[in-house]
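My notebook is open and my pencil is sharp. Let me look at this one piece by piece.

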Amino acid sequence: MRFRSSLLAGACVSTVLTAGGAYAQTPQGAERVDDIVVTGSRLAGAERIAPVEVLDRRTLQAAGVDDASRMLALFTANSGSEAQIDQLNQPQSSGTAQFNLRNLGLGSTLVLVDGQRWTNSAVVATDGSAYVDINSLIPMIALERVEAVKDGASAIYGSDAVAGVVNFVTRRRVERPEVSVSYSAADGADQTTVQAIGGLEVFGGDLTLAASHLHRSGLGSDERDFTQAARYGRAAWTAVTSYGQPGSYFRPSTNGFAPDPACGNAAFPEAYRNSAADTFCRLDYSDFFDLVPEETRTQAFADYRKAVGSTDFWLQGAWASTETVARQSPSLPILARSLTVPANHPDNPFGEAVLFRGRLLGAEAGASHADFAYETWRLAGGAAGEFDNGWTWDLSATASRQHVDYDKPDTIGSALQNALNGVGGRWFNPFGSAHLGTGTANSPELIASLIGSTGLRGAAGLITVDGSVGGEALAWSGGSVSLAMGGQYRRSSFRHDWSDLVNAGDLLTAGFSPDFEGDQEALAAFAEARVKLGDRIEAQLAARYEAYDGDQGELSPKVAVRWDATDTLAVRAAWSQGYRAPSVYALTGAQASQPSVFDRGAFVFVNTLTSGDADLRPEESESLTLGAVWRPLEGLEFSVDAWRFDYRNLVVKEAAQAIIDQAAADTAAGRTGTPAQARITRSASGALTFVQLYFINASSIETEGLDLAARYGRDLFGGRATVSAGWTHVDRYDVRLAAGAPVVSGVGSTNLSNIGRSLPEDRGEFGLGWSDAVQGVTALVHYTAGYSNDRSGITDTTIASQTTLDLLYTRSVGEALELSLGVVNVTDRDPPLAQFTLGYDPVVADPRGRVFSVGLTRTF
């Protein structure tokens, strides 16, 4: 059996969760896999040294995982991913998902498919993070297993592998075609997935073809009680805003705001005032967002392999199309500028020119929609062979690209101001009287003329060329040295083209964002040695030198060792240094966003622009892991790994809240013209309208903790019983927002006030299963510890722990048909209350509640 350095994978496992060294085993009914290779090394056997967590195909089926984003919950080392929709805080990345090992950042985990890189997504997170969209990779039915190397792997893979590597390993040589149909339903939403895979011989080689189609209906916030602001007395932290419709108006004669006279009318049930003295007409927008968006995803995958003499050739192609429709409020708040309603406006009840604070449409208009369309393609190919001396060689190349079309309705500032001024004889009536029939009515044609779109057309691309050789360099009685060495070329590109309205800054919420285009080239050389000293000790030594855009390069070294102290006990340790180059986006891009901030006693959404910096330096990291694997008896294994990461010079987006707070402190101290004040714009009424931000090298993260895993399997009642457990404890997560700044502890926090993401201190996954040749049952328990909410301006910082139970039953119906029945969240637990806008933390909690599923798989 030949080990191929270009395909990085580990041994199959058939337990629910595994960590550490894995016993090689082929799941019952699976096709034969010829190529066994290792994630975390270019030489065979390194899975014994590195902490590798593996989820195989049977495991994912047993867990009821029907798309890639759902597998994130099964990796306890993963936290802080943005895999669920959050139109309020992640408006430009709906429909995508990514890994975030150790909560070190969305772009700090390298994602591979069969050992080969994949392009970054054509959108970025709200904090500017670039990442690989795992929803766009391959159909789930084409996936053999997923492996996560949980220590720093930059010495092997280079940039982006700071926190580790996740490798998606595809199926090969499918002997019998399969068709799978599944349907799942929660209260208010459902999903249908159809998948197929097959293999055939073409021109003397093996061709594997797979395809899938998924359609998911939307689950609106109006379908769940825990999202409703009224449930919490419309507290300031809920889905309420002072930018309402009917709106509020700044009156120069009183130097203060006054609510629309129609505020409180029964015709506007979602409009309200906190009290009779409240000068704002507010809006409760609890009902207008999606907890799960409507989504349609189609994917296709092809893999071809052929041996010609002593050379193995391979080709791969993948394509994915995802269309996501996300609900949002009827219209967006007017943030970018202040609009004036003149004194001569026929419906102006104030008798003077006033400034309008609100939005174009109110709750009576119903939700509006943002549309996302992603198209991703990838071509890869290569050849591998063997020299006469037994050494192997490998050449490969990939090209991948993702396109995005993002259209979000927004109000055109110039058009609305003209309509408020009655230009051309057309008056727009912003007051409640337009809806009540007591004032000028706004025609549908007029309203439509005031609405434009963000119109983003973007793309991200990647080209790679890899070459390597490897083999045994030295051998002696009881020992050997194997070597691998090679090089890599990469070219990454990124562009965003916005609509003319966004380029001009004429959309009242999206504000201003320029078009941009950039690219980055990287060259790397690497070498790795595997040293075996007898049957008990082996070590891995690796180094990689990588330079990008012609700048001085960075050296990433790694040393790892394993000692089999006894036949049942092994200990291992690894130390490495790594780096991550600034993304093309952070170097050349510009991002407009509207974060929720706390200003002058209230939560508001503010328009910001974050600009790139071509002089950003690489991020640097150092990691250390110490672990042990104990197998006291057949079928029983325990593993423990202590880990520590020191991550410095992080490229981060400045926090708008910090700039706002500093400007307020400067003003309170009587200072004027300070740097913070210069980066903030306010309207004549004092409303916050704009904050200028930059990408900077500033922060550092030091984190450490423990991974624990156990598994046991034995024959029982004519079948096979398995028990497994995985646990990650984070002991420390210390953040410095800038050099010399005080340390902020992010363990057990939502980390909204720093660069991290929600990080419960403990996460656990527990599995219990039994199966025979006909049927099987699996129970999974998911545990997340309670943690603290550091959002400004809230009254309760606690977020409770949560434990949920999933069950899945499978049964063979004849030789070629398998039926599955599943229930996710058997007890229908709501997410723990968190004082977020919709009452829960979308980074951690699943808002769907109980989900029933049924599936049929037919083998031909």
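**Entry 1, a helix.** I looked up helix α3 (residues 413–420) and found its buried residues to be Gly413, Leu416, Gln417, Ala419 and Leu420; buried means under 20% relative accessible area, with a 1.4 Å probe and protein chains only. Helices here are DSSP runs of H or I with at least four residues, strands are E runs of at least two, and both are numbered from the N terminus. The buried residues cover an arc of only 160° around the axis, so they lie on the same side of α3. That arc is taken from the directions from the helix axis to the C-beta atoms. They pack against β19 (339–341) and β23 (409–411), where contact means heavy atoms within 4.5 Å. Just after α3, I noted Gly422 with a positive phi of about 75°.

**Note to self.** This is a predicted model: local features need pLDDT of at least 70, side-chain atom pairs count only at pLDDT 80 or more, and totals for chains, interfaces and linings use all residues. Residues are numbered from 1 along each chain as its sequence is written, and side-chain values use heavy atoms, leaving out hydrogens and water.

**Entry 2, a sheet.** Which strands stand at the edges of the open sheet β11-β15-β14? I found β11 (240–241) and β14 (271–272) there, each with a single partner strand, so one side of each has no neighbour in the sheet. The pairing is antiparallel; strands pair if DSSP finds at least two bridges between them. β11 and β15 (residues 282–284) share 2 bridges, and Val240 has Asp284 as its bridge partner in β15.

Key:
Buried means under 20% relative accessible area, exposed over 50%, partly exposed in between (1.4 Å probe, protein chains only).
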